[in-house]
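Here is a friendly walk through one structure, told as questions about how its labels are earned. Have a look first, and then we can reason from values to words.

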Amino acid sequence: FSCQSKTGVSVENAPQESDSIAQQEQSKQWFVLRVAYHHEQAAKDWMEELGIETYLAMHDAEKVKNGKKKRVREPLIPNLLFAHATKKEIAPALAAPGNAYLSYYYDHFRTDVDGKNPPLIVPDKQMDNFIHLTSIDNDHILFVDRSQCHFKSGDHVVVTDGDFRGI
């Protein structure tokens, strides 16, 4: 199962990065990007055309249109896209003249040397786990509300069996 906020945009459990600024500029990292409403796939396609690796978590959902149930594939976390790049590679893409739907998602729990919030970065191991979890194709996986979770921030849990084994 997964514990998530109702909005899907909480950073309260994001780890604090201890890398130096110079190291962050040179190494590829998983940046969290904010995407304009319903433009996730277009943003992903555009970033990949620029040679930037991305990840967009998708899931199947049932929607009712004109009284008929229809199964659609949609983003699991609306308005977010993950990009694996260096800060030097991603900055021009976000500043491009035609970019009207992509920006950094900022870490509101930290400030940089200029007193500004830095872009939110997901550590590689956590991103690997997230990709693994969201890539499992199983109709019996349920997402639960935060109120249903009985763990506290910082609790370490290891899954020992099933689709989520090792995470």
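Q: Which residues of H2 are buried in this predicted model?
A: The buried residues of H2 are Glu40, Ala43, Lys44 and Met47. Each of them carries that label because buried means under 20% relative accessible area.

Q: Why are the buried residues of H2 said to line one face of the helix?
A: Look down the axis of H2: its buried residues fall within an arc of 100°, so they line one face. Their cover includes S2, S3, S5 and S6, along with helix H3 (87-95) and strand S7 (102-104).

Q: What is found in the backbone just after H2?
A: Gly51 sits there with a positive phi of about 85°.

Q: What makes S6 count as largely enclosed by the rest of the structure?
A: Six of the six residues of S6 are buried, so the label follows. Both faces of the strand are covered. Leu80, Phe82 and His84 are buried on one side, and Leu81, Ala83 and Ala85 on the other.

Q: How do you know that S2 and S6 pair?
A: Pairing calls for at least two bridges. S2 and S6 have six, in the antiparallel sense, so they qualify as a pair. In S2, Gln29 stands opposite Ala85 of S6.

Q: What makes S3 and S6 a pair of strands, and in which sense do they run?
A: Three bridges join S3 to S6, and since the cut-off is at least two, the strands pair. They run antiparallel, with Thr54 opposite Ala83 in S6.

Q: How many aromatic pairs does a search of the whole structure find?
A: The search finds four.

Q: Why is the pair of Tyr55 and Phe130 called edge-to-face?
A: The ring centres of Tyr55 and Phe130 are 6.0 Å apart, and their planes stand at 85°. Pairing needs centres within 6.5 Å, and planes over 60 degrees apart count as edge-to-face, so both conditions are met. This pair links distant parts of the chain: Tyr55 is in strand S3 (residues 53-55) and Phe130 in helix H4 (residues 124-135), 75 residues apart.

Q: Why is the pair of Phe82 and Phe130 called tilted?
A: Here the centres are 5.2 Å apart and the planes are at 55°. That angle is neither under 30 degrees nor over 60, so the pair falls in the remaining class, tilted. Phe82 lies in strand S6 (residues 80-85) and Phe130 in helix H4, so the pair ties together parts 48 residues apart in sequence.

Q: Are Tyr55 and Phe82 buried or exposed, and how do you know?
A: Tyr55 has a relative accessible area of 13%, and Phe82 has 9%. The cut-off for buried is under 20%, so both residues are buried.

Q: Which residues form one aromatic cluster?
A: Phe31, Tyr104 and Tyr106 do.

Q: What makes the phi of His38 worth noting, and why is His38 called exposed?
A: His38 has a positive phi of about 65° although it is not a glycine. The residue lies in the loop between strand S2 (29-35) and helix H2 (40-49). Its relative accessibility is 61%, and exposed means over 50%, so His38 counts as exposed.

Q: Why does Asn66 count as exposed?
A: Asn66 has a relative accessible area of 81%, which is over the 50% cut-off, so the residue is exposed. Asn66 lies in the loop between strand S4 (58-65) and strand S5 (68-75), and its phi is positive, near 55°.

Methods:
Residues numbered from 1 in each chain as written. Predicted model: local features only at pLDDT ≥ 70, side-chain atom pairs only at ≥ 80, totals over all residues. Heavy atoms only, no water. Helix = DSSP H or I, 4+ residues; strand = E, 2+ residues; numbered from the N terminus. Buried < 20%, exposed > 50% of the residue type's maximum accessible area, 1.4 Å probe, protein only. Arc of directions from axis to C-beta. Contact = heavy atoms within 4.5 Å.
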